[in-house]
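Colleague: I am new to this structure and would like a close look at a single part of it. Please choose one residue, describe its setting, and then work outwards from there.

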Amino acid sequence: MKLLLLLLVFVETPCIAEELLKDFAYLASDELAGRKTGSEGNLKAAHYIKTRFENLGLAPFDTRFEQAFSYSSGFGSQKNGKNIVGLIKAKHANAPYLVITAHYDHLGNQGRRIFNGADDNASGVAALFALAKTAKQYPLNYNWLFVATDAEENGLYGAKALVSLLQNSNIPIILNINLDMLSVKGRNKRVFAFTDKRLAPAKSIIEQFNNNKSPSKIQYITSNYQANRRQNEKIDWRRASDHDAFRRANVPYIYFGVGIHPNYHTENDTFANIDPAFYQSVVEQISFITLALDQQKVPQLLTQ
C-alpha cells in the first residue's frame with residue numbers, strides 16, 4: 001500500500017480520540033492507586049488491558065493473554081509479575097513479529113499519596129489500544145504483538161521475561177516499538193524516536209508526518225548526546241525503558257517518549273496534567289509510522 005493511500009485511509013477512519021482519552025483516564029485514575037506490581041490496582045489494570053485486547057479482536061498469544069513471570073527483588077525474595085499479550089496476525093503465515101510494548105506498572109501509593117503514573121505510562125498503554133484498532137483495518141506484512149509489560153519500574157523484568165519467551169519459542173522478531181511517556185508537551189513539541197543507527201534509512205519515514213501545524217513533532221535520534229543536550233540530563237536512553245531488553249538481544253528498536261519532565265515520578269503525574277491534543281497527535285503519528293514501517297518492510301530499511 002502506498003504511503004499516501006495509507007495516510008488517506010487512516011484519516012478517513014472514525015476519530016479515536018474519545019476512546020483513547022477514556023482508556024488513558026481510567027489507567028491513570030486513583031482507583032488503580034499507581035498500579036504498583038503485585039498490588040490490587042495493578043491487577044485491576046491487567047484485567048482492564050486483557051478485556052480491551054479481547055474487545056478489540058486481538059488473538060491470545062500461545063493460547064492465553066497473560067504471561068506470568070517471577071523475578072528476584074533482592075535479599076533472596078521472589079516477586080511475581082504478569083505481562084498482557086495480544087496478537088494481530090499477518091496476511092501471510094510464518095511472517096516475523098513486530099513487537100509493540102508499553103509498561104503498565106508504576107510506583108503505587110504511599111498512604112494517601114498516589115503516584116498515578118499518567119504520562120509514565122498510562123499514556124503508552126492507552127496508545128497500544130489505539131494502534132491495535134488501527135492495525136486491524138489493514139493487511140499486515142508482520143505479525144503485530146501488543147504487550148503491556150509489568151515490573152518495568154523494578155528493573156524491566158516484564159520485558160526481559162517477554163524476550164526470553166520469544167527467543168525460547170524461536171519467534172523471529174523484526175522490530176520493537178516501545179511506547180513510554182507520550183503525553184506531556186514541552187516547549188518544542190518534541191517526541192524522541194530513539195533508536196540505533198541500523199534504522200538510519202527509516203529516518204524519513206519516522207519524521208515524514210511532521211509539519212508546522214501539527215501539535216507534535218517526532219524527532220529521530222540515535223545517541224545519548226543528541227537526547228541529553230536538549231534536556232540537560234545524563235541518561236543512558238539505550239537502557240531507559242523496555243526496549244533495552246530487545247537491544248540486548250540485538251533486535252532493532254524504536255523508543256518513543258517525551259523524556260524527563262518536572263512531573264516525572266511525582267504525585268503531579270496525573271491525567272489533569274497531560275496535554276490531550278498533543279497526546280492524540282503523538283499517537284496518530286506513531287500509528288502512521290508503524291504502519292509505514294510494516295508496509296515498506298523493515299529489513300529493507302536496515303543498514304548492515
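Modeller: Take Gln-280, which counts as partly exposed because its relative accessibility is 21%. The cut-offs matter here: a residue is buried under 20% and exposed over 50%, with partly exposed in between. The model is a predicted one, and the values that follow are computed from it.

Gln-280 belongs to helix H9, which covers residues 276-296. In space, the C-alpha of Gln-280 lies 9.1 Å from that of Ser-216, although 64 residues separate the two in sequence.

Now the helix as a whole. H9 has 21 residues, and at 1.5 Å a residue it should span 30 Å; the C-alpha atoms at its ends are 30 Å apart, so the expected and the computed span agree. The helix is mostly covered, with 16 of its 21 residues buried. Thr-290 is another residue of H9. Its relative accessibility is 1%, and therefore Thr-290 counts as buried, whereas Gln-280, at 21%, counts as partly exposed. The Thr-290 side chain also makes a contact with the backbone, reaching the oxygen of Ile-286 at 2.8 Å.

Each end of H9 has something to note. At the N-terminal end, Asp-275 acts as a cap: one of its side-chain oxygens is 3.3 Å from the backbone nitrogen of Ala-277. After the helix comes Lys-297, which has a positive phi, near 70°.

From the helix, turn to the strands. Strand E7 is made up of residues 143-149, and 7 of the 7 are buried, so the rest of the structure largely encloses it. Its side chains go two ways: Asn-143, Leu-145, Val-147 and Thr-149 point to one side, while Trp-144, Phe-146 and Ala-148 point to the other, and all of these are buried.

E7 pairs with two strands that can be described here. With strand E3 (residues 77-88), E7 runs antiparallel, and 5 bridges join the two. One of the residues to look for is Val-85, whose bridge partner in E7 is Val-147. With strand E4 (residues 97-103), E7 runs parallel, and this pairing has 7 bridges. Here Thr-149 of E7 has His-103 opposite.

E4 leads on to another strand. E4 and E8 also pair in the parallel sense, over 5 bridges, with Ile-100 standing opposite Ile-177 of E8. Strand E8 takes in residues 173-179; 7 of the 7 are buried, so E8 too is largely enclosed by the rest of the structure. E8 in turn pairs with strand E11 (residues 253-257), again in the parallel sense, over 4 bridges. Ile-177 can be followed across this pairing as well, since its bridge partner in E11 is Ile-254.

Last, the empty space. The second largest pocket has a volume of about 190 Å³. It is lined by 17 residues, and those closest to the pocket centre are Glu-152, Asp-180, Met-181, Ala-240 and Tyr-264. By kind, the lining residues comprise 8 nonpolar, 5 polar and 4 charged.

Key:
Residues numbered from 1 in each chain as written. Predicted model: local features only at pLDDT ≥ 70, side-chain atom pairs only at ≥ 80, totals over all residues. Heavy atoms only, no water. 1 Å grid on protein atoms, 1.4 Å probe; cavity = no way out; pocket = protein on both sides within 12 Å on 5 of 7 lines; lining within 4 Å. Points joined across faces, edges and corners; volume = space filled by probe spheres on them. Nonpolar A, V, L, I, M, F, W, Y, C, P; charged D, E, K, R; others polar. Buried < 20%, exposed > 50% of the residue type's maximum accessible area, 1.4 Å probe, protein only. Expected span 1.5 Å × (residues − 1). Polar contact = N/O pair within 3.5 Å; in protein donor to acceptor, adjacent residues only side chain to side chain. Pairing = 2+ DSSP bridges.
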